[in-house]
Structures are given as structure tokens and as C-alpha cells.
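The following exercises are to be worked through with the sequence and the structure at hand. Each task is followed by a solution in steps.

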Amino acid sequence: MLDQAVAIDGPGASGKTSVGREVARQLDFRFMDTGLMYRAATWQAMRQRIPVYEADALTEMTKAMDINLTATECGDRLLIDGVDATSELRTPDIDRNVSAVSAVEGVRRELVSQQRGIAERGPIVMVGRDICTTVLPDARTKIYLDASAEVRADRRYAEMNDLGMAVTPQQVFADIQRRDRIDSERAVTPLMVADGAIVINTDDLTIPEVVDKIIKAVQGD
């Protein structure tokens with residue numbers, strides 16, 4: 001089935017979710033944002049008051065989690081143990097803690113296993129930070145989306161501002177830099193460009209332009 005998988009990696013706010021969702025729509029593939037799964041684990045850890053440095057407790061928590069992505073008329077909704085937590089997964093608190101939770105080997109192991117199972121069920125566009133390198137290394141199409149920290153911080157600030165979150169551009173930029181450092185330096189599946197991946201810098205590209213490049217790559221143009 002992986003000859004019908006499109007794997008997209010990249011740092012935070014590089015455009016993975018918006019681009020990946022549109023690529024999936026045009027190809028009539030399923031879409032999976034694996035970042036939401038790590039945000040779900042972070043949300044659950046905060047809900048259960050498990051510190052981000054308690055690796056064993058975080059791993060056991062993740063094993064016990066029931067994560068279900070459900071398509072609705074209002075878009076995809078993520079249910080965690082039956083609770084719709086979608087609207088709570090992009091708060092500043094989650095942003096500040098998700099990279100630390102994601103760096104826990106046991107958490108990644110449990111979620112990667114689930115992600116591979118999802119990919120085996122049919123054509124899919126899957127986005128994240130280790131899809132090309134770890135989750136789906138045999139995917140036929142591998143993409144790495146990149147953008148400068150400044151551009152990504154501007155995008156994330158606009159997104160959070162639209163949601164009414166009380167943050168400053170300086171806070172968002174600092175969070176982007178911190179997450180980049182954690183993601184690229186973590187011992188387990190660090191963020192990196194996979195062998196054979198097509199690198200697309202999105203600084204000066206619109207979403208339709210990036211989508212077009214990926215569609216052409218999938219079709220072999």
C-alpha cells in the first residue's frame with residue numbers, strides 16, 4: 001500500500017497540514033496529521049498532571065489512550081478516550097510542551113505503531129516530523145517542507161490570533177525556535193530530511209503552488 005502513500009515532514013508551521021489536507025483532497029486520499037496525536041498525548045498528560053520528564057508514566061499513559069480520528073461536517077475531530085479534544089490541542093500550553101512529550105521514546109514507539117497501522121489501510125497523505133524517516137520510510141513519495149523561523153512564526157501567530165489566543169509575536173517566535181531545537185536534537189527520530197525526499201521551501205510560495213509541486217511529484221511529472 002505504501003506505493004500510494006505520500007509522506008510529508010517539516011518543522012512547525014511550515015505548511016504541512018494545510019498543504020497535506022489539500023493534496024489528499026485532490027488525490028482522493030485519506031489525510032492524517034500525526035502531530036495531532038502527539039498533541040493529544042500532551043493534552044492527556046496535562047489533564048492527568050504527568051510531568052513531561054516522567055518518561056515511564058507518559059509511555060504507560062500513551063499505551064492506554066484510545067485515540068480516534070473522526071470525519072465530520074465540521075472537519076476532522078480527534079476523540080481521546082471518547083472526549084472531543086480537538087479545540088484544545090493548539091493552545092500555547094500544548095505548544096510549549098508537545099516537543100518534550102514527543103521526545104519520549106516510549107510515546108513515539110506507541111504512536112508510530114498506530115500511524116503505520118493507519119497507513120496500511122489504503123491510500124493516504126500523512127504529515128508530521130518523522131514520517132519519511134521513521135513511520136513510512138518506504139513511501140513512494142517523500143516530501144520535506146521547510147521555511148524560515150521568521151516566516152513560520154508569523155504564520156503561527158496569525159493562526160493563534162485568529163483563534164483569540166493571547167500571545168505576542170515574540171513569544172511565538174521563541175516557541176518556534178525552542179521547538180525546532182528540541183525536534184532536531186532529540187535522540188529518538190530527530191527531525192531531518194530523509195534520503196530521497198523532495199525539499200520544498202515554502203517561504204515565498206502559496207498553498208496552491210506547494211500543492212501543485214507535490215501533485216506533480218506524486219504523478220511523476
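**Exercise 1: Strand pairing around β7**

In this predicted model, strand β1 (residues 5-9) pairs with β7 in the parallel sense, and four bridges connect them. Determine which residue of β7 is the bridge partner of Val6, which strand is joined to β7 by four further bridges, and whether β7 is largely enclosed or not.

*Solution.*
Step 1. Val6 has Thr141 as its bridge partner in β7.
Step 2. Strand β8 (residues 198-201) runs parallel to β7 and is joined to it by four bridges. Within this pairing, Asp146 has Asn201 of β8 as its bridge partner.
Step 3. Strand β7 comprises residues 141-146, and five of its six residues are buried; the strand is therefore largely enclosed by the rest of the structure.

**Exercise 2: The sheet as a whole**

State the order of the five strands in the open sheet and identify its edge strands.

*Solution.*
Step 1. On another pairing of β1, strand β6 (residues 124-128) is joined to β1 by five bridges in the parallel sense. Here Asp9 is matched with Gly128 of β6.
Step 2. The order of the open sheet is β2-β6-β1-β7-β8, with parallel pairing.
Step 3. The edge strands are β2 (30-33) and β8, each of which pairs on one side only.
Step 4. On average, and with direction ignored, neighbouring strands of this sheet are turned by 20 degrees against each other.
Step 5. Two helices are then placed on these strands. Helix α1 (residues 16-27) lies across β1, β2, β6 and β7 and runs at about 175 degrees to β6. Helix α2 (residues 34-47) lies across β2 and β6, at about 40 degrees to β2.

**Exercise 3: Two helix pairs**

Classify the relative direction of α3 and α5 and of α4 and α8, and describe the residues in each contact.

*Solution.*
Step 1. Helix α3 (residues 55-64) packs against helix α5 (residues 105-119) at an angle of about 15 degrees, the axes being 7 Å apart. Angles under 35 degrees count as roughly parallel, so α3 is roughly parallel to α5.
Step 2. The contact involves Leu58, Thr59, Thr62 and Lys63 of α3, together with Gly106, Val107, Arg109, Glu110 and Leu111 of α5. These residues divide into three nonpolar, three polar and three charged.
Step 3. Helix α4 (residues 92-102) and helix α8 (residues 169-185) pack at about 5 degrees, with axes 9 Å apart; they are therefore roughly parallel to each other.
Step 4. From α4, Asp95, Arg96, Val98, Ser99 and Ala100 meet Asp175, Arg178, Arg179, Ile182 and Asp183 of α8. This contact has three nonpolar, one polar and six charged residues.

Notes: Residues numbered from 1 in each chain as written. Predicted model: local features only at pLDDT ≥ 70, side-chain atom pairs only at ≥ 80, totals over all residues. Heavy atoms only, no water. Buried < 20%, exposed > 50% of the residue type's maximum accessible area, 1.4 Å probe, protein only. Pairing = 2+ DSSP bridges. Axes fitted to C-alpha atoms, helices over the stretch in contact; angles between N-to-C directions. Parallel < 35°, antiparallel > 145°, perpendicular 65-115°, else oblique. Contact = heavy atoms within 4.5 Å. Nonpolar A, V, L, I, M, F, W, Y, C, P; charged D, E, K, R; others polar.
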